[in-house]
Amino acid sequence: MTDHPNDIGIIIVDHGSKRAEANAMLDDVVKMFREVSGAVNVEAAHMELAEPSIDQAMAKCVERGAKRIVVHPYMLSPGRHSTTDIPRMVCEAAEAFPGIRVSVTEPLGVDARIGEVIRRRVEAALETDAAS
């Protein structure tokens, strides 16, 4: 992604859950993203209900040398959390790091690859039903 891999910090943010297994899934997403992107300064964060928070993830990215941070709301639609709450929380967290450029991406939204994932899930369910 860059000649200096730690210059860009990437934070993938989900809602957060009281269920540990739900929060752990975001760690798997972060690991997968590191592998497919080659990015190394990547952190998971939860908007609420669990840690690490956006503030904590941003601090880790900066500690590793991030000069720019891109935050991705790991959500399907452009609802209140992805368009208002997360950008506000990111701006508030960024105040602790003057000079660091911060931006927020669009949520996942509509993408043919998501359609493919849904198709595979449906096929798996149909195969399971047929085997029962």
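Let me begin with a term: when I say contact, I mean heavy atoms within 4.5 Å. Please also keep in mind that this is a predicted model.

With that cut-off, and leaving aside its neighbours within four places in sequence, Ile11 is in contact with Glu43, Ala45, Ile54, Ala57, Met58, Cys61, Ile69, Val70, Val71 and His72. Ile11 lies in β1, which spans 8-14, and its bridge partner in β3 is Val71, within a parallel pairing of β1 and β3 that extends over six bridges.

From there we can widen the view to the sheet, which is open, has four strands with parallel pairing, and follows the order β2-β1-β3-β4. The edge strands are β2, residues 42-46, and β4, each of which pairs on one side only, and the twist from one strand to the next averages 20°.

On the β4 side, β3 (residues 68-73) pairs with β4 (residues 101-104) in the parallel sense over four bridges, with Ser103 of β4 as the bridge partner of Val70. Helix α3, residues 80-94, joins these two strands in a right-handed β-α-β unit. Turning to the other side, helix α1, residues 20-37, lies across β1 and β2 and runs at about 160° to β2.

Finally, the packing. The largest nonpolar core has 18 residues, and those with the most contacts inside it are Ile11, Val13, Ile54, Met58, Ile69, Val71 and Ile86. To this core β1, α2 (54-63), β3 and α3 each supply at least two residues. There is also a second, separate core of eight residues, among them Ile10, Val30, Ala39 and Ala44.

Definitions and conventions:
Residues are numbered from 1 along each chain as its sequence is written. This is a predicted model: local features need pLDDT of at least 70, side-chain atom pairs count only at pLDDT 80 or more; totals for chains, interfaces and linings use all residues. Side-chain values use heavy atoms; hydrogens and water are left out. Two strands pair if DSSP finds at least two bridges between them. A crossover is right-handed if, with the strands pointing away from the viewer, the path from the first strand over the helix to the second runs clockwise. A nonpolar core is a set of buried Ala, Val, Leu, Ile, Met, Phe, Trp, Tyr and Cys residues joined through side-chain atoms within 4.5 Å. Buried means under 20% relative accessible area, exposed over 50%, partly exposed in between (1.4 Å probe, protein chains only). Axes are lines fitted to C-alpha atoms, for helices over the stretch in contact, and angles run from 0 to 180 degrees between N-to-C directions.
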